[in-house]
Amino acid sequence: MKHIALYIHLPFCARKCAYCDFVSFPGRTDQIPAYLDRLAREMEASIGKYGPLAADTVFLGGGTPSLLTGEQMKRLMADVRRFFAVAPEAEITSEANPGTVDAAKLRAFREAGVNRLSLGVQSFDDGLLGTLGRIHTAREAEDAVRMAAEAGFSNLSLDLMYALPGQRMVQWQATLDAALSLPIRHISCYSLIVEDGTPMKALVEANPGLLPDEDAAVSMQHEAARRLGQRGFSRYEISNYALPGFESRHNLVYWRRGDYLGLGCAAHSLMNGRRFSNTASLDNYLAGEGPGEIETLTERDVFEETVMLGLRTREGVEAALLPADRLEKLRGAGLMAVENGRARVTEAGADVLNAVILALI
Ligand code: SF4
């Protein structure tokens, strides 16, 4: 049987955050039942197309999967198990927004088989949460983590964001410390990306100098690596830190270019060397529109993807894949290291990752 990572996109949100350009739709939760029906049909069609599939990991992303009720989550996971072989040790992650969970829902998610929860906290500073347009306070985020631990989630992850408008280092340090005071095993730290067409873009354009500059952003990234490192979290990917054994198995499949099947509106897949994605229109998805154009990757595409994704991770890429002269130059500059036949970026290389990648591809 073919083994895959299974991604399911749940594009519903309570309200749009100020920085968000993900495919997510506020105010349409009444369509969740129809969406779950459509997902079940897509699961059935996938099995018809590929034959039996074993899902080694399942990742419910969004949007806000925690807008599902406990019963809806149980129904979704029952459908996943009906169509895919899901081993007892499979990693089953759901993203969750702290403003949408309570103890009963978290217990129901756990009963549904979700065994890893990734909470979108972003900051433990109420002022910054307001700037981001998040629907929860810092206190609610802390309560959500504790409730999740009490509900039986021993594999908890937090998403945090830095380089936020007006953010000072001391605020970032306080957020990192607040995160580290909680029973979590994994932290993702992302630098804010200001996307065109978002209220965040309008805010920073109207207030020049509000965003921390690039040096400040790099310092915040270093501070995360330092503080989290002191507490045993190792940086196994450029933006991801885990205690030993708690690396995200699902995301490692992406970075290693393993096969993954994405179901739901706007979900992306890489199956048998082909990339494809579903429509980003919720209405069209609900109406039954199938995957769009299928991209068959050339050898060159595969090489570039392997370098771009592999160099994000601590495991790096096979050194023999890379042009030897350029690799040597980057090693000489202290930006890359080679060990046991694997090439990876050093800490200095991680600060200029895009330039390193460009030099190699
Ligand atoms: S909760 Fe996530 S997906 Fe939804 S609007 Fe906010 S950032 Fe976007």
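This report describes the overall dimensions, ligand shell, backbone geometry, strand pairing and domain contact of one predicted chain.

Residues are numbered from 1 along each chain as its sequence is written. The model is predicted: local features need pLDDT of at least 70, side-chain atom pairs count only at pLDDT 80 or more, and totals for chains, interfaces and linings use all residues.

**Overall dimensions**

The chain has 14 helices and 17 strands. Helices (H or I, at least four residues) and strands (E, at least two) are DSSP runs, numbered from the N terminus. The C-alpha trace spans about 55 × 50 × 40 Å along its principal axes. The radius of gyration is 21 Å, which agrees with the value near 21 Å for a compact globule of 361 residues; the radius is taken over C-alpha atoms, and the globule rule is 2.2 Å times the number of residues to the power 0.38.

Of the 361 residues, 41% count as buried. A residue is buried if 20 or more other C-beta atoms lie within 10 Å of its own, exposed if 12 or fewer, and partly exposed in between, with C-beta atoms placed from the backbone. Among contacts between residues at least 6 apart in sequence, 69% join residues at least 24 apart. Two residues are in contact if their C-beta atoms, placed from the backbone, lie within 7 Å.

**Ligand shell**

The ligand is surrounded by Cys13, Lys16, Cys17, Cys20, Phe22, Ser24, Gly62, Gly63, Thr64, Asn97 and Gly120. The criterion is a C-beta atom, placed from the backbone, within 6 Å of the molecule. By class, the shell has four nonpolar, six polar and one charged residues. Ala, Val, Leu, Ile, Met, Phe, Trp, Tyr, Cys and Pro count as nonpolar, Asp, Glu, Lys and Arg as charged, and the others, Gly among them, as polar.

Two members of this shell, Gly62 and Gly63, are joined by a cis peptide bond with omega of about 15 degrees. Gly63 lies in the loop between strand E4 (53-62) and helix H2 (70-83).

**Residues with positive phi**

Most residues other than glycine have a negative phi, and most peptide bonds are trans. Three residues with a positive phi are listed below.

| Residue | Phi | Place |
|---|---|---|
| Ala163 | about 60 degrees | loop between strand E7 (156-162) and helix H6 (169-180) |
| Ala266 | near 70 degrees | loop between strand E11 (260-263) and strand E12 (268-271) |
| Asn272 | about 55 degrees | turn of the hairpin of E12 and E13 |

Ala163 counts as buried because it has 21 C-beta neighbours inside 10 Å. Ala266 is partly exposed, with 18 other C-beta atoms within 10 Å.

**Strand pairing**

Two strands pair if DSSP finds at least two bridges between them. E12 and strand E13 (residues 274-277) run antiparallel and are joined by four bridges. They form a hairpin with two residues between them, and Leu270 stands opposite Arg275 in E13. E13 is also joined to strand E14 (residues 295-296) by two bridges, again antiparallel; here Arg274 stands opposite Thr296 in E14.

Another three strands form an open antiparallel sheet in the order E15-E17-E16. Strand E15 (317-318) and strand E16 (336-339) stand at the edges with a single partner strand each, so one side of each is left without a neighbour in the sheet. E16 pairs with strand E17 (residues 342-345) over four antiparallel bridges, and Ala337 stands opposite Arg344 in E17.

**Domains and their contact**

The domain assignment, which is automatic or taken from a database, gives domain 1 (2-255) and domain 2 (298-361). Their centres, taken over C-alpha atoms, are separated by 28 Å. The contact takes seven residues from domain 1 and eight residues from domain 2. On the side of domain 1, strand E9 (234-237) and helix H9 (249-255) are the elements that give two or more residues. E9 gives the most, with three residues. By class, this side has five nonpolar, no polar and two charged residues.

**Leu360**

Leu360 is placed in helix H14 (residues 353-360). Leu360 counts as buried because it has 21 C-beta neighbours inside 10 Å. Leaving aside neighbours within four places in sequence, Leu360 is in contact with Val307, Leu322, Pro323 and Arg326. The C-alpha atoms of Leu360 and Met308 are separated by 9.3 Å, although the two residues are 52 apart along the chain.
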